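Hi,

Here is the model I promised to pass on. Have a look at it first, and my notes follow underneath.

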Amino acid sequence: QVRLVESGGGLVQAGGSLRLSCVASGRTYSTAAMGWFRQAPGKEREFVATFIWSTGNAAYADSVKGRFTISGHKAKNTVYLQMNVLKPEDTAVYYCAARNFGLNYDYWGQGTQVTVSS
């Protein structure tokens with residue numbers, strides 16, 4: 001199994017930046033992609049960004065496109081989410097996820113809280 005540990009969350013004012021990290025351990029050899037999701041209070045979990053290890057390709061939700069950047073360091077089994085120009089609506093628990101060569105994200109971290117004040 002893959003274990004994921006997120007870090008880097010915190011409290012920041014609108015317009016500020018945070019960088020989240022996700023370290024994967026365990027059976028990571030078959031991991032094909034990593035992703036970030038978030039869940040705000042009272043709302044459903046939503047996709048934020050994904051990163052494909054083999055190509056370095058990234059994709060983003062429209063709500064964060066142009067503001068967030070996902071990247072990865074394979075040797076460290078670590079994926080990052082650089083979040084710039086943060087908005088109050090970005091406030092959520094951010095979860096790191098991983099999948100193998102299927103389509104589902106099978107592994108999830110515990111989440112890290114991001115709070116953006118206005």
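Let's start with a small one: which residue in β8 stands opposite phenylalanine 68? That would be methionine 83. Bear in mind throughout that this is a predicted model.

The two strands behind that pair are β7 (68–73) and β8, which covers residues 78–83. They run antiparallel, with six bridges joining them.

Zooming out, β7 and β8 belong to an open sheet of four strands, in the order β1-β3-β8-β7, and the pairing is antiparallel. β1 (2–7) and β7 sit at the edges with a single partner strand each, so each has one side without a neighbour in the sheet. From one strand to the next, the twist averages 20 degrees.

Now for the sulfurs. There is one disulfide in the structure, and it joins cysteine 22 to cysteine 96, with an S to S distance of 1.9 Å. The torsion about that S-S bond is about -80 degrees, so the disulfide is left-handed. It links distant parts of the chain: cysteine 22 lies in β3 (residues 18–26) and cysteine 96 in β9 (residues 92–99), 74 residues apart. β3 is also one of the strands in the four-stranded sheet above.

Are the two cysteines buried or exposed? Cysteine 22 has a relative accessibility of 0%, and the cut-off for buried is under 20%, so cysteine 22 counts as buried. Cysteine 96 is buried too, with a relative accessible area of 0%.

Cheers

Notes. Residues numbered from 1 in each chain as written. Predicted model: local features only at pLDDT ≥ 70, side-chain atom pairs only at ≥ 80, totals over all residues. Heavy atoms only, no water. Pairing = 2+ DSSP bridges. Axes fitted to C-alpha atoms, helices over the stretch in contact; angles between N-to-C directions. Disulfide = S-S within 2.5 Å. Buried < 20%, exposed > 50% of the residue type's maximum accessible area, 1.4 Å probe, protein only.
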